[in-house]
Amino acid sequence: MSALLRLGGLTAGYGGAVAVDGVSLAVAPGETVALLGANGAGKSTLMKAVLGLVPSRGVVTIAGTDATRLPTHRRAALGLGYVPEGRRVFPGMSVHDTLDAAGPSSRAERRAALERVYALFPDLRTKARDTAWRLSGGQQQMLAIGRALMGGPRLLLLDEPSLGLSPRLAGEVFAPVSAIAATGTAVLIAEQSPARALAVAGRAVLLRRGRGFCDAAVTDVTPEMLRSAFLT
Ligand code: ATP
């Protein structure tokens, strides 16, 4: 099956500063790809360039459509789900309302989507009536992922889902990724702590100072490659 995300020579940055430098990669349906690199390597910028939130050169193809010149909302409509770094859930909104507001307009479909999210993250069902600020960091991350899943994305972009979480909570956040991919969703996970991402991914793309220098099956990624990715 053809890739849900394909980047060809993607270059992006801020003013004159290049943050992503000619990166090419593809993510197939049902595949999970880990995008790994040190702080500042360009992972968040690459995701923002996929969304059209930063200017870029090169080719962005989403679900077979050339999205290079499309604005963000048209790219999103092709099936993008995005969970930005830092979660950004509305603190005063309940779990249920946060998810409900992000769902399809049909009530029956919204209910089915809500049920799927609660099945993936049982903690969210337990906390459905609580406001987001009462949740733990891990539960807030689950809520941010759940919110992105409510739109039924074909491609899910997760930016540093383990940031600021204890290893145990990070494990809980990562646990459903395989189940999400098993439904055919393509998942791209940016991380600077590689262990969890490598445990759920099939392939890894390593970035160093904006350049992709390795695109390999996770089983072929050596400790030397990882060391090299995390040298700044
Ligand atoms: P992190 O793990 O810290 O999020 P990252 O790999 O996601 O790192 P980016 O956030 O994409 O890296 O940053 C890549 C480069 O772009 C860095 O040198 C960073 O300082 C720079 N940068 C990021 N955002 C901006 C911005 N809004 N304006 C100017 N430069 C930026």
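User: Which helix gives the largest share of the shell around the ligand?
Analyst: This is a predicted model. The shell around the ligand holds 13 residues. Three of them come from one helix, residues 43-51, and that is the largest share. The helix is α1.

User: Which residues of the shell are the closest to the ligand?
Analyst: In total, 13 residues surround the ligand. By class, four are nonpolar, six polar and three charged. The closest are N39, K43, S44, T45 and E160.

User: How far from an oxygen atom of the ligand does a polar side-chain atom of T45 lie?
Analyst: A polar contact needs N or O atoms within 3.5 Å. S44 offers a backbone N or O atom at 2.7 Å from an oxygen atom of the ligand. For T45, the partner is a polar side-chain atom, and its distance to a ligand oxygen atom is 2.5 Å.

User: Which residue has a polar side-chain atom 3.4 Å from a nitrogen atom of the ligand?
Analyst: Here the ligand atom is a nitrogen, and the protein atom is a polar one in a side chain. The distance is 3.4 Å, and the residue is Y14.

User: What percentage of the ligand's accessible area does the protein cover?
Analyst: On its own, the ligand has 620 Å² of accessible area. The share of this that the protein covers is 59%.

User: Which element gives the most residues to the lining of the largest pocket?
Analyst: The largest pocket has a volume of about 390 Å³. Its lining has 19 residues, and the closest to the centre are G81, Y82, A102, R147 and A148. Two or more lining residues come from each of α2 (72-77), β6 (80-83) and α6 (137-149). With four residues, the top contributor is β6.

User: How many residues in the lining of the largest pocket are charged?
Analyst: Twelve of the lining residues are nonpolar and five are polar. The charged ones number two.

User: Which element supplies the largest share of the lining of the second largest pocket?
Analyst: The second largest pocket holds about 220 Å³ of space. Among its lining residues are A113, R116, V117, L120, A179 and I180. Two elements give two or more residues to this lining: α4 (107-120) and α8 (177-182). The largest share, four residues, comes from α4.

User: How many nonpolar residues are in the lining of the second largest pocket?
Analyst: This lining includes L149, P153 and T185. By class, three of its residues are polar and one is charged. The nonpolar count is seven.

Note on methods. Residues are numbered from 1 along each chain as its sequence is written. This is a predicted model: local features need pLDDT of at least 70, side-chain atom pairs count only at pLDDT 80 or more; totals for chains, interfaces and linings use all residues. Side-chain values use heavy atoms; hydrogens and water are left out. A residue is near a molecule or strand if one of its heavy atoms lies within 4 Å of it. A polar contact is a pair of N or O atoms within 3.5 Å; within protein, one must be able to donate a hydrogen and the other to accept it, and residues adjacent in sequence count only if both atoms are side-chain atoms. Accessible areas come from the Shrake-Rupley method with a 1.4 Å probe; for residues, only the protein chains shown count as cover. Ala, Val, Leu, Ile, Met, Phe, Trp, Tyr, Cys and Pro count as nonpolar, Asp, Glu, Lys and Arg as charged, and the others, Gly among them, as polar. On a 1 Å grid over the protein atoms alone, a cavity is a set of points where a 1.4 Å probe fits but cannot get out, and a pocket is an open set with protein on both sides within 12 Å along at least five of seven lines; lining residues have an atom within 4 Å of a point. Grid points are joined across faces, edges and corners, and a volume is the space filled by probe spheres set on the points.
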